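I opened this model today to look up the ligand and a handful of residues, and I am writing down what I found in the order in which I looked.

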Amino acid sequence: MVTTATQKVIWRNGALVPESEALVPINAVGHASVGAVFEGLRAYRDTRGRMSIFRGLDHMKRLHASLRVVRLPCPYSAETLVDATAELLRANKVSEDTYIRPWVFIGGVVRTLSQKQPPERTETVIDMWPSKSGLLTERGSRAGVTSWTRISDRSMPPRIKAFSNYHNSRLAVLEAGVNGYDQPIFLNDRGTVAEGAGACLMLVRNGSLVTPTLTSSVLEGITRDTLLTLARADGITVEEREVDRTELYLADEVFLVGTGFEIEPLVVVDGFTVGDGRMGPVARRLDRIYHDAVRGVDPRWSGWLTAV
Ligand SMILES: Cc1ncc(COP(=O)(O)O)c(C=O)c1O
């Protein structure tokens, strides 16, 4: 076991191992494919230079929710995985904003895999890499509604974070690129707005912050929950409801929200300019209060932070 990093270490099944030794057999199919589930979370550097993990326990609890739905066992509790993440960041001497990727996959090689029996053995891995935050910068993307339908709870539940779900996302991202957009927006199988390829969606209409319900074929997004909580506390009216496609065209603001995206304003949707074509006032306000929460500036939200 390596605890001081001369090269980057990865947390694997309870131990820190050098990245170069964190190998899987070439005939293992479980590690990032069928059956594997994952998380994406961030650690931010606060204004005093200390690192903290944002909503680590909520992310690890969602990992366990994903595991339950796909019937994979994992011997590590959500609390243990948060501690492991902090240990990993310390071992890698992390001092800048970081993206953290835990995942759990079926152990063993292809011939031992049975889709019928729940696997006896899984592996749990936590990796991390530097990831710059866009918070408090001017930004905006162009989006188009994709012709691919969002996966549904009737086939591949988008509520959980299974790697396989991202085939649907990838197809939509590729199509967006072909059509000259930066991001796709999915409709669900009922034809109402679902989410982006890797983020939930919010819009502003008549002064209210509106987002599709959790039964609209969306991931149970933690940033979505964070922003709804922060907005309510800031006196902004919040609506969780079905959203029609044409509301995207009439909205004053539209943005994608997620751990990776943070708050990404959409300045064009299907060729319509959103608002005045720049990051809008509600996105700017949420950007500031989200920044103050993740960087520990606002003490009201310190319960969401785990010190590294
Ligand atoms: C498909 C999808 N929807 C939504 C989100 C946003 O979720 P969260 O805010 O928990 O990162 C993500 C990001 O992981 C995602 O991949």
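Which pocket is the space taken by the ligand? I found that the ligand takes up the space of the largest pocket, and I note here, before going further, that the model is predicted.

**Entry: the ligand shell**

I then listed what surrounds the ligand and came to 17 residues, the closest of which are K161, Y166, E195, T223 and T259. Going through the polar distances, I noted that an oxygen atom of the ligand is 2.4 Å from an N or O atom in the side chain of Y166, that a polar side-chain atom of K161 lies 2.5 Å from an oxygen atom of the ligand, and that for the side chain of T259 the distance from an N or O atom to a ligand oxygen is 2.6 Å. Of the 380 Å² of accessible area that the ligand has on its own, the protein covers 97%. I also asked which elements give two or more residues to this shell, and the answer is α1, α4 (222–233) and β14 (253–258).

**Entry: R62**

Since helix α1 had come up, I looked at R62, which has its place in that helix, residues 56–69. Is R62 buried or exposed? With a relative accessible area of 10%, R62 is under the 20% cut-off and is therefore buried. Setting aside neighbours within four places in sequence, I found R62 in contact with E39, K161, L219, E220, G221 and I222; K161 in this list is also among the closest residues to the ligand.

**Entry: R42 and E262**

Next I turned to R42, which lies in strand β4, residues 41–45, and which counts as buried at 4% relative accessibility. Which side chain does R42 join through a polar contact of 3.5 Å? The partner is the side chain of Y44, and I noted in addition that a polar atom of the R42 side chain lies 2.9 Å from the backbone oxygen of G260. Leaving out neighbours within four places in sequence, the contacts of R42 include S52, I53, F54, Y99, S131 and K132, and also T259, G260 and E262. T259 had already appeared in my notes as one of the closest residues to the ligand.

I followed that list to E262, which is found in strand β15, residues 262–269, and is buried with a relative accessible area of 2%. E262 has a positive phi of about 55° although it is not a glycine.

**Entry: N206**

I then looked at N206, another residue that is not a glycine and yet has a positive phi, here of about 50°. Where is N206 placed? I located N206 in the loop between β11 (200–205) and β12 (208–211). At 71% relative accessibility N206 is over the 50% cut-off, so I put it down as exposed, whereas E262 is buried.

**Entry: V193**

Last, I checked V193, which lies in strand β10, residues 193–196, and which counts as buried at 0% relative accessibility. How many residues apart in sequence are V193 and R245? They are 52 residues apart along the chain, while in space their C-alpha atoms are 6.0 Å apart. R245 is also among the residues that V193 touches, and others in that list, which does not count residues up to four places away in sequence, include I185, F186, L187, L201, P212, V243, D244 and L248.

Methods: Residues are numbered from 1 along each chain as its sequence is written. This is a predicted model: local features need pLDDT of at least 70, side-chain atom pairs count only at pLDDT 80 or more; totals for chains, interfaces and linings use all residues. Side-chain values use heavy atoms; hydrogens and water are left out. Helices (H or I, at least four residues) and strands (E, at least two) are DSSP runs, numbered from the N terminus. Buried means under 20% relative accessible area, exposed over 50%, partly exposed in between (1.4 Å probe, protein chains only). Contact means heavy atoms within 4.5 Å. A residue is near a molecule or strand if one of its heavy atoms lies within 4 Å of it. A polar contact is a pair of N or O atoms within 3.5 Å; within protein, one must be able to donate a hydrogen and the other to accept it, and residues adjacent in sequence count only if both atoms are side-chain atoms. Accessible areas come from the Shrake-Rupley method with a 1.4 Å probe; for residues, only the protein chains shown count as cover. On a 1 Å grid over the protein atoms alone, a cavity is a set of points where a 1.4 Å probe fits but cannot get out, and a pocket is an open set with protein on both sides within 12 Å along at least five of seven lines; lining residues have an atom within 4 Å of a point. A molecule sits in a cavity or pocket if more than half of its atoms lie within 2 Å of its grid points.
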